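Take a look at the sequence and the model below. This short report walks through the structure part by part.

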Amino acid sequence: DPAYRPPPTLSTKALSSQEYYSRQYSQSYGGGGDDNESKQQQTQYHLPSTLPIQTYSEGHVHPVHAISTNSSSTILLSSSDKTLIATNLVTAQTVHKFWGHTARIESVCCLGGTCGGGNNNNNIGEEIYASASYDATVRLWDARSKSKDPLMILDDAKDSVNCISSGKGKGVAQIITSSVDGKIRTYDVRKGQLITEDISHPVTSFSVSNDGTSIVTSCL
């Protein structure tokens, strides 16, 4: 059929973010000329840009290395170097600040919330926050208390603690951490018991399965 036109295909040409935004600027403000090549490029690279719904910057004076939310999606936890910051997700106002780590915070978690994926449905209240740090410690913080001292310090790791989660499953009261020392540590808060899994390689992160029976790890 001479009238047949093949369907359009997506370009696989690599394009840096700088080139992309340069082309968008050119298209928006009339640059780039009117030749056929320019029109073709405009069609090829005209992609919608995404605008943030909300920006949370209050209290952050250093790079942010970790974020998490609670199960009710009302509190945003984030790190600013050695400081843990709790921010109201709706108003974008800082609610709490906790400090005490001697090195950068690598991971944050609301133990009754969504760290590790989904609502964990465990027996640790969502008012308990946790921060894991390059200083080889995990610190637990009570958002209900006026004290700025940590509720508990877990210092069993021999190297940087880079990921933290709460255990999954009904009635579970666990805190799970991973460290560059090659260990996955599970703290059973109810039993006062520590279970250590030796991965034999520096662990960079982990995820707990939905049924809470398996842990997937990534290693150096």
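## Two nonpolar cores

In this predicted model, the largest nonpolar core has 13 residues. Those with the most contacts inside it are Leu 111, Ala 130, Val 138, Leu 140, Ile 164 and Ile 175. Strands β6, β7 (138-142) and β9 (161-166) each supply at least two residues of this core. The largest share comes from β6, which gives three residues.

Another core lies apart from this one. It has twelve residues, and among them are Ala 66, Ile 75, Ile 105 and Val 108. Such groups fit a general trend: in soluble globular proteins, nonpolar side chains tend to be buried together.

## Strand β5 and its partner

Is strand β5 enclosed or open to the outside? Strand β5 covers residues 105-110, and six of its six residues are buried. It is therefore largely enclosed by the rest of the structure.

Strand β5 pairs with strand β6, residues 128-133. The two run antiparallel, and five bridges join them. Within this pairing, Cys 109 stands opposite Ala 130 of β6. Ala 130 also appears among the residues with the most contacts inside the largest core.

## The cysteines

How many disulfides does a search of the whole structure find? The count is zero. Take Cys 110 as an example. The nearest cysteine sulfur belongs to Cys 109 and is 6.8 Å away. A disulfide needs the two sulfur atoms within 2.5 Å, so Cys 110 is in no disulfide.

Cys 110 has a relative accessible area of 0%, so it is buried. Cys 163 has 14% relative accessibility. The cut-off for buried is under 20%, so Cys 163 counts as buried too.

## Around Thr 83

Thr 83 sits in strand β3, residues 83-88. What does Thr 83 contact, leaving aside its neighbours within four places in sequence? The list is Ser 78, Lys 97, Phe 98, Trp 99 and Ile 105.

Look at Trp 99 in that list. Thr 83 and Trp 99 are 16 residues apart in sequence. In space, their C-alpha atoms are 4.8 Å apart. Ile 105, another contact of Thr 83, is one of the twelve residues of the second core described above.

## A four-strand sheet

Four strands form an open sheet, in the order β9-β10-β11-β12. Their pairing is antiparallel. Which strands lie at the edges? They are β9 and β12 (193-198), and each pairs on one side only. On average, neighbouring strands of this sheet are turned by 20° against each other, direction ignored.

Now take strands β10 and β11. Strand β10 spans residues 174-179 and strand β11 spans residues 183-188. Five bridges join them. Gln 174 has Asp 188 in β11 as its bridge partner.

## Salt bridges

The count comes to three salt bridges. One joins the side chains of Glu 106 and Arg 104, at 2.8 Å from N to O. Glu 106 counts as buried, at 17% relative accessibility. Arg 104 counts as partly exposed, at 34%.

Another links Arg 144 and Asp 142, with the closest N and O atoms 3.1 Å apart. Arg 144 counts as exposed, at 59% relative accessibility, whereas Asp 142 counts as buried, at 15%. Asp 181 and Arg 185 also form a salt bridge, and their closest N and O atoms are 2.9 Å apart. Arg 185 is buried, with a relative accessible area of 6%.

Notes: Residues are numbered from 1 along each chain as its sequence is written. This is a predicted model: local features need pLDDT of at least 70, side-chain atom pairs count only at pLDDT 80 or more; totals for chains, interfaces and linings use all residues. Side-chain values use heavy atoms; hydrogens and water are left out. Buried means under 20% relative accessible area, exposed over 50%, partly exposed in between (1.4 Å probe, protein chains only). Two strands pair if DSSP finds at least two bridges between them. A nonpolar core is a set of buried Ala, Val, Leu, Ile, Met, Phe, Trp, Tyr and Cys residues joined through side-chain atoms within 4.5 Å. Contact means heavy atoms within 4.5 Å. Axes are lines fitted to C-alpha atoms, for helices over the stretch in contact, and angles run from 0 to 180 degrees between N-to-C directions. A salt bridge is a side-chain nitrogen of Lys or Arg within 4 Å of a carboxyl oxygen of Asp or Glu.
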